[in-house]
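The following exercises are to be worked with the sequence and the three-dimensional structure at hand. Each task is followed by a solution that proceeds step by step.

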Amino acid sequence: MERFYSMVRGLVPPPRAKVGVGDVMPLVLFGVFYAVVLVGVVMMEWVAFTWLGAFWLMGLAIWVWWIDQCGFSGLRGMRKGMALWARLCLLGLFVALLAEPRMVRKDDSLSVVFLIDQSQSMRRDSVDEAKRFMAKIAAEKPMRDEIGVLTFGKGAVVELPPAEVFPFEGFALEVARDGTNLEKGLRLASAVLPDDKPGKIVLVSDGASTEGNVDGVLKQLKARGTKVDVLTADYRYDKEVLIERLELPRAVKMGETYEVAGIVRAESDGRGKLTLTENGQVVWQGDVDYHYGMNRYRIPIYMRNPGYYTYELTIDTEEGEDHIEENNRAISYLYLQGEGRVLLVTQPGGDMRDYDPIVQALRESERDVEVIDGYSLPDDPLAFLMYDCVMFVNVGAENFNAAQMSAVKEAVERHGTGFVMVGGENSYGPGGYNRTAIEEILPVTMDVSQRRVLPKAALTIVLHTCEFAQGNTWGQEITKAAIKVLSAEDEVGVLVYDWQGGEKWLFQLTPARNYPFLARQINGAQIGDMPSFAPTMRMAYNEMVKSDASMKHVIIISDGDPSPPSPALLNKFVKSKISVSTVAVFPHGNTLPPVMQQIANVTRGRFYFPKNPNLLPQIFIKEAKTLRKSMIQNKTFLPEMVYPSAVMKGINTMPNLHGYVITTPKARSTTILEVPATEDKDPVLSEWQFGLGKSAAFTSDLNTNWARDWMNWDNYKAFVHQMVTNVARVKEQSNLRMQLIADGGRGLILIEDYAPDSRFLEIGASVKGPDGKEEIVSLEQVGPRRYEAEFDLNGEGRYEVGVIGAGGEDANGEPIEEKTYGGLMVAYSQEYLRLRSNPIVMEEIAEKTGGKVLSGSEGASDIFEIEREAKSRSKPVFDWLLILLACLIPIDVGLRRIQIDWMVVREMIGFKKQRDVSRETYTNLLARKEGTRDRLYQDEKLQQARESQEEVGDIDESNHGLVGAMIGEEEAGAEKSEPDTMAILAAKRREERDAQDKE
């Protein structure tokens, strides 16, 4: 217990003297000063504190004061008061730091963002009027205020962020115009407005929103204090004709006549001509009279053969009777199912001997075969419903565009169509299918990076500015397409002439497996007008000769303007076996550039002069394919069966094959035939399940080249037939009938169940729009055997719908599951269904955000109001206060530990004259000291007196002479005692200290 009391007395010692009111005054004055400073900076909004609870710690100031009063610091007077204030300031500053101070700054300058509707429903004169209004406001705005521009349609983009200057010359960025999404536009405008100053949005639109929900963003704008002024682009089409939809029969049979119905909406009476086409061919045409409102026209059609039929209905009106041409058509389709067919796709202009044996074998097996070249492949997944299987026979990827390959993938994955690729020099990796949608379907991959014996290739692409519409964008896309063809270990580099930095590497030779990184670099390229071929070709040569690749190739795309390289540089390419192909794009004068031809001819490359930029991707893919020829293996082998399959039913032996393309089987695939005695088990025939469909890969060919010994093989026809049958779609009879209807901005799915017995099904639908996004919807039963659901229409294009119904069991006790597929064609954007503006929506936006409805005649003072509420921003000032705290600590220590002689300070700065020291007495003392030194140390009594003097530590050197003089006087008879001398010296020192304290 005594120990506890001792600790308490140590923390709160008892006072050494009575504490009076005067002793408390420093603490009171500091508290008043501290409170005034804090309240002042907060009231004046200079500083804000996040955690006010920290100021309760200022109660420790009382303890600091008490320790100062009761402690044994030895400080007195002004020095003691200054030390106390320094310690209290340290405490106050530390507590202020704990309260998390933030410096506050206010700004009343206004930021205004013009949000301009660029959708297709906006009339061009309305957009031009908005530009003029915006320019007038920008010219008259106050100096410190800011103005910015955004445009929106289906999406939204920032044309010009808010700034004090307004260098607006026109809309430079493209935005999807096939929709109006007010929500996206307002959200982006809100995000662009700065948080630290007042902001306002000026919305220019017709108010006809086709997408999004604007209510949520309006609440956020209201909470943020952002007003939205609206300027309505008012219009109304009094004379307009549009085709709302084309209705086709739900179920058709071959050889029968049906009727289609065209729904035409008119805003006034008139006359026009209706035309119906079937797969692009006119099947009906006639003049019709239409009336205000809805008009329905019936047109007969005759179903001749099974197949996929696309119908388009158009209407032409008299001049002045229609304003919008885009909504004068409607598209729909019919699918008439027949016997299973095989679609065989070949190389355009290829040798018929590549596919004739396959076609003959399938037809002899009672398969209906249709042969087309790669250019004719449909880009609509629904067009493949009429085929059970699609075969690619030695056809290269450069013959297809991305939409065509994606359509094949969708047909296999979502509709169950079978797929087979037959090998050859234009297939698999050498055909350029690496990293394509077709490779995703196949059970094998073109990535053979694990093979140690496969030669590596190096490709360098030189990009010159492409002077045609979106030319540089084309350059970026075709470069990425060429890189995709390469294998993972192949090297690729891209050289550009940057309009800011001249010739430079976008990236030097890098493995193609780093494609995601390389694609980002390509997307950010700034391609300029190259003055000469020599610098970039020299850079390409220096990099290529360092590579250990066995095949090296350079591709140059240019308009032919740069000056030619030197013959010596071209000879270096020839000696190093680096080929250079050149692609001339829109040269000046549209004449063949001889320089580019010469470069290609000398270096044994190829020269291209395409008239259409759409051919550029195919050219680059073809050039990149030349580096993949190392994947072709021309050797004789007997295929080895490693897995039993229905493909090999009844086949026990087979002849030799004389070549194949190296591939790698995927993890979940099944290899049926492989090349024997190969380290990596090269597959010859593989298959797997991909979505609802199956696919197979035969890496050799089936013609007179590698399979020449198979031509007279008895089982050749059986092998081809069974390979196709094994992957072909199995026909499933469905009792579900689907009808798809476009109604405004919504799509309607109607399902009727034609099963013999009444039942209840749980039906779900998968809807994939033209933007590639997939939506899952559930259908509700709205009547006996009838189900419905709705989905959003996000612009024009094709909507694929797959429906699965499940419920109950069949007669065999198996779960019932029925499927059906269909599609909806939206011929034009829902924007063109809007025939008048919607000012009510615009007024609601202004009302809910506190904005104004503008007429277009306002001036800058109406937009940039004089009276505005300033916004404040804050930033932490912790660092500054921490520096101040660090500076106060040495001051506090110095006040307590360092004694300052103020008399000396005054004398040093000249406030008090320095006293003259009498030199006479000092000289006499020294003389007497020198005269008596020998006698002083000879006398024993005097020696003892000297020893007693040394024991006195307070006597300095000057006192030794004085003592010596005194001892000399003792011999003359004048005696003084040693204690008296010490007392005199001590008294003298006390008087000096008292004088200093008083001062």
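**Exercise 1. A threonine in a strand**

With which side chain does the side chain of T275 make a polar contact? Use the predicted model to place T275 in its strand and to describe its surroundings.

Solution.

Step 1. The partner is Q285: the side chains of T275 and Q285 make a polar contact at 2.9 Å.

Step 2. T275 belongs to strand β10, which covers residues 270–278.

Step 3. Buried residues have a relative accessible area under 20%. The value for T275 is 7%, and T275 is therefore buried.

Step 4. When neighbours within four places in sequence are set aside, the residues in contact with T275 are V282, W284, Q285, E312, L313 and T314.

**Exercise 2. The sheet that contains β10**

Determine the strand order of the open sheet that includes β10, and identify its edges.

Solution.

Step 1. The sheet has 4 strands, in the order β11-β10-β13-β14, and their pairing is antiparallel.

Step 2. The edge positions are taken by β11 (281–290) and β14 (329–336). Each has a single partner strand, so one side of each lacks a neighbour in the sheet.

Step 3. On average, neighbouring strands of this sheet are turned by 20° against each other, direction ignored.

Step 4. Between β10 and β11, which run antiparallel, there are 9 bridges. In this pairing, T277 stands opposite V282 in β11.

**Exercise 3. A second open sheet**

Analyse in the same manner the open sheet that contains β34 and β38.

Solution.

Step 1. The order of its 4 strands is β33-β34-β38-β37, with antiparallel pairing.

Step 2. β33 (736–743) and β37 (780–783) are the edge strands. Each is paired with a single strand, so one side of each has no neighbour in the sheet.

Step 3. From one strand to the next, the twist averages 30°.

Step 4. Strands β34 (residues 746–753) and β38 (residues 786–792) run antiparallel and are joined by 7 bridges. Here E752 is placed opposite R786 in β38.

**Exercise 4. A hairpin**

Which residue takes a positive phi in the hairpin of β35 and β36? Describe the pairing of the two strands as well.

Solution.

Step 1. Strand β35 (residues 762–768) runs antiparallel to strand β36 (residues 774–778), and 5 bridges join them.

Step 2. Within this pairing, V767 stands opposite E775 in β36.

Step 3. The hairpin has 5 residues between the strands, and G772 takes a positive phi near 85°.

**Exercise 5. Positive phi outside glycine**

Locate E366 and R604, and decide for each whether the residue is buried or exposed.

Solution.

Step 1. Most residues other than glycine have a negative phi.

Step 2. E366 has a positive phi near 65°. It is placed in the loop between α8 (356–364) and β16 (368–373).

Step 3. R604 likewise has a positive phi, near 65°. Its place is the loop between α15 (594–602) and β25 (607–608).

Step 4. A relative accessible area over 50% counts as exposed. E366, at 75%, is therefore exposed, and R604, at 65%, is exposed as well.

**Exercise 6. The buried side of a helix**

Which residues of helix α6 are buried, and how are they arranged around the axis?

Solution.

Step 1. Helix α6 spans residues 182–192, and L182, G185, L186, A189 and S190 are buried.

Step 2. These residues cover an arc of only 130° around the axis, so they lie on the same side of α6.

Step 3. At the start of α6, a side-chain oxygen of N181 comes to within 3.2 Å of the backbone nitrogen of E183.

**Exercise 7. A contact across the sequence**

How many residues apart along the chain are P839 and T232? Relate the result to the chain as a whole.

Solution.

Step 1. P839 lies in helix α18 (residues 839–849), and P839 is partly exposed, with a relative accessible area of 31%.

Step 2. P839 and T232 are 607 residues apart along the chain, while their C-alpha atoms are separated by 6.2 Å.

Step 3. In the protein chain, 75% of the contacts between residues at least 6 apart in sequence join residues at least 24 apart.

Step 4. The chain has 25 helices and 42 strands, and 49% of its 999 residues are buried. Its accessible surface comes to about 51,000 Å², with 52% belonging to carbon and sulfur atoms.

Technical notes. Residues numbered from 1 in each chain as written. Predicted model: local features only at pLDDT ≥ 70, side-chain atom pairs only at ≥ 80, totals over all residues. Heavy atoms only, no water. Pairing = 2+ DSSP bridges. Axes fitted to C-alpha atoms, helices over the stretch in contact; angles between N-to-C directions. Buried < 20%, exposed > 50% of the residue type's maximum accessible area, 1.4 Å probe, protein only. Arc of directions from axis to C-beta. Polar contact = N/O pair within 3.5 Å; in protein donor to acceptor, adjacent residues only side chain to side chain. Contact = heavy atoms within 4.5 Å. Areas by Shrake-Rupley, 256 points an atom, 1.4 Å probe, with all protein chains shown as cover.
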